[in-house]
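Work through the exercises below with the structure open. Each task is followed by a stepwise solution.

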Amino acid sequence: MTAVSRNTAQHITAPVVTDRLVLRLFTPADTEDRYAYQCLPEVARYLYRPPLTREGCAESIAARARGTDWRTDGDTLLLAVCRKEEPGVVGEVVLTLTSAHARQAEIGWVFNPRHAGRGYATEAAGALLSVAFGQLEAHRVFARLDALNTASVRVCERLGMRREAHLVENDLDGDRWGSEYVYALLAREWQD
Ligand SMILES: CC(C)(COP(=O)(O)OP(=O)(O)OC[C@H]1O[C@@H](n2cnc3c(N)ncnc32)[C@H](O)[C@@H]1OP(=O)(O)O)[C@@H](O)C(=O)NCCC(=O)NCCS
C-alpha cells in the first residue's frame, strides 16, 4: 500500500535554477521591481483583491524573505523570478501548503506584463512544481483561477495540469459573479 502521510517538515531557502531563470527569495531591494507589476490594475484583475500598495509589497517581502518552514497548513514559499543574465525581478511564483496531512499545495504566479509572452511564467511554475513534487514530496498541487483568466489557463495547460473543476459564480469580484477553474496535478502525473 502506498504511504499517504510523511513527515516532510523542512525549511526552504535555496534558489532554483532553470534554463533561463533563477527563482530566489525576495529581498527588500526588490520592492520597487515587485511594486512595478503588483500595482497594476490589469495584473490584479483576476486576483480578487485590489492592486498591492508599495507598503503591501514591502510587508509581504519582509514576511517571506527568510524562506518558509514547510510543516504547517498555510506555510507559504514566495519566490522572485529573475532572468539569469539580467538584473531585476520579472515576476513571482508562490506555493502554499494547504494540507500538511494530505500533502496538498496550491501554486500561483504573477508576472510583469512587460515580460509576458516569453514563457517565463510556465518555466518558473514548472520548476516550482519540480520542487513541490521532489524536495517537498507533495502528493497533489492545484491552482485556482478565474475562468476568464485565459493566460493563466494556458499556463496550467502547458504544465500538463488537469482541469478538475469549474465552479460557477462561486465568488464575487466587485459587482461581477466570478467563476473558477481548479487545475491540478498529482505527483505520479508529473514528469520532470
Ligand atoms: C498568468 C500570467 C503569468 C501568464 O503570463 P504569460 O506571459 O501568458 O505566460 P508565460 O510567461 O508562460 O508565456 C507564455 C507565452 O509565451 C509564448 N512564448 C514565447 N517565447 C517562448 C519561449 N521561448 N518559451 C515558451 N513560451 C514562449 C508562448 O507561446 C505563450 O504564448 P500564448 O499564451 O499566447 O500561447 C500573466 O498573465 C499574469 O501575471 N497575469 C496576472 C496575474 C494572474 O492573473 N495570475 C494568475 C492568478 S491564478
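**Exercise 1: Polar contacts of the ligand**

Task: Find which polar side-chain atom lies 2.8 Å from an oxygen atom of the ligand, then list further polar contacts.

Solution. The model is predicted, so side-chain atom pairs count only at pLDDT 80 or more.

- Step 1. Asn149 places a polar side-chain atom 2.8 Å from an oxygen atom of the ligand.
- Step 2. Turn to the backbone. A polar backbone atom of Arg118 is 3.3 Å from an oxygen atom of the ligand.
- Step 3. Look at ligand nitrogen. One nitrogen atom of the ligand is 3.5 Å from an N or O atom in the side chain of Arg20.
- Step 4. Check burial. The ligand exposes 970 Å² when taken alone, and the protein buries 68% of that.

**Exercise 2: The shell around the ligand**

Task: Describe the residues around the ligand by distance, class and source.

Solution.

- Step 1. There are 21 residues around the ligand. Trp109, Phe111, Gly117, Thr122 and Arg154 come nearest.
- Step 2. Sort the shell by class. It holds 11 nonpolar, 5 polar and 5 charged residues.
- Step 3. Assign the shell to elements. At least two residues each come from β7, α4, β8 and α5.
- Step 4. Pick the main contributor. α5 supplies the largest share of the shell, 5 residues.

**Exercise 3: The pocket**

Task: Where does the ligand sit, and what lines that site?

Solution.

- Step 1. Locate the ligand. It sits in the largest pocket.
- Step 2. Size the site. The largest pocket has a volume of about 1300 Å³. It is lined by 44 residues, and Leu47, Trp109, Val110, Asn149 and Ser152 are the closest to its centre.
- Step 3. Split the lining by class. It divides into 20 nonpolar, 11 polar and 13 charged residues.
- Step 4. Map the lining to elements. The helices α1 (31-38), α2 (41-44), α4 (120-133) and α5 (150-158) each supply at least two residues. So do the strands β5 (76-83), β6 (89-99), β7 (104-111) and β8 (140-146).
- Step 5. Name the top contributor to the lining. β7 gives the most, with 6 residues.
- Step 6. Link the exercises. Trp109 is among the residues nearest the ligand, and Trp109 is also among those closest to the pocket centre.

Methods
Residues numbered from 1 in each chain as written. Predicted model: local features only at pLDDT ≥ 70, side-chain atom pairs only at ≥ 80, totals over all residues. Heavy atoms only, no water. 1 Å grid on protein atoms, 1.4 Å probe; cavity = no way out; pocket = protein on both sides within 12 Å on 5 of 7 lines; lining within 4 Å. Points joined across faces, edges and corners; volume = space filled by probe spheres on them. Helix = DSSP H or I, 4+ residues; strand = E, 2+ residues; numbered from the N terminus. Nonpolar A, V, L, I, M, F, W, Y, C, P; charged D, E, K, R; others polar. Near = heavy atom within 4 Å. Polar contact = N/O pair within 3.5 Å; in protein donor to acceptor, adjacent residues only side chain to side chain. Areas by Shrake-Rupley, 256 points an atom, 1.4 Å probe, with all protein chains shown as cover. Sits in = over half its atoms within 2 Å of the grid points.
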